[in-house]
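I opened this notebook to record what I looked up in the structure shown below. The entries follow the order in which I consulted it.

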Amino acid sequence: MAGLGRRAPGPPWDAGAEYYQCDLTGAARDVVRVVRDFSPEAVVHLAAPVPVHGSAEGWDLLKAAAWAAQHLFAACGRARRPPKVIVASSSAVYGGCAPGE
């Protein structure tokens, strides 16, 4: 098992797991290198910011999340043994609810 993120994790990170410091929104070659070096059987993609509804930064967050996913999926597709990819989502994809719903 391995983790991947922009910053090194703090406790309680599992000392038996590898961790790769890499920005998915950065250079695609960095993501390709991590996938190549670790050679995962499966990838679980959980990372995505949730913009505040009506926020001016909403589109920027959406673009960053799309680039991050594209870099990760492309790196997985280029792997010698492409891993299975699981993409999780959240209730944010359904939009907000009126009070009482």
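Entry 1, a term and its use. I take buried to mean under 20% relative accessible area. The model is a predicted one. I looked up H45 and found a relative accessible area of 7%, so H45 counts as buried.

Entry 2, the setting of H45. I located H45 in strand β3. I then asked which residues H45 is in contact with, leaving aside its neighbours within four places in sequence. The list I obtained consists of L24, A69, L72, F73, I86, V87 and A88.

Entry 3, the nonpolar core. I turned next to the largest nonpolar core, which has 13 residues. The members that touch the most others are L24, V31, V35, L72 and A75. Both α1 and α2 contribute at least two residues each to this core. L24 and L72 had already appeared among the contacts of H45. For A75, again without the neighbours within four places in sequence, I noted contacts with V31, V32 and V35.

Entry 4, strand β1. I examined on which face the side chains of β1 lie and found that they alternate. G3 and G5 point to one face and are buried, whereas A2 and L4 point to the other face and are not buried. I also checked the pairing of β1 with β2, which is parallel and runs over four bridges. Within β2, Y19 is the bridge partner of G3.

Entry 5, the largest pocket. How much space lies in the largest pocket? I recorded about 820 Å³. Its lining comprises 31 residues, and those nearest the centre are G3, L4, G5, L24 and V44. I then traced the lining to its elements: β1 (2-5), β2 (18-21), α1 (28-38), β3 (42-45) and α2 (58-78) each provide at least two residues. The largest share comes from α2, with five residues. By class, I counted 24 nonpolar, four polar and three charged residues in the lining.

Entry 6, a backbone angle. Most residues other than glycine have a negative phi. I noted that S39, although not a glycine, has a positive phi of about 50°. S39 sits in the loop between α1 and β3. Is S39 buried, partly exposed or exposed? Its relative accessibility is 28%, and S39 is therefore classed as partly exposed.

Terms used: Residues numbered from 1 in each chain as written. Predicted model: local features only at pLDDT ≥ 70, side-chain atom pairs only at ≥ 80, totals over all residues. Heavy atoms only, no water. 1 Å grid on protein atoms, 1.4 Å probe; cavity = no way out; pocket = protein on both sides within 12 Å on 5 of 7 lines; lining within 4 Å. Points joined across faces, edges and corners; volume = space filled by probe spheres on them. Nonpolar A, V, L, I, M, F, W, Y, C, P; charged D, E, K, R; others polar. Buried < 20%, exposed > 50% of the residue type's maximum accessible area, 1.4 Å probe, protein only. Pairing = 2+ DSSP bridges. Contact = heavy atoms within 4.5 Å. Core = buried A, V, L, I, M, F, W, Y, C linked by side-chain atoms within 4.5 Å.
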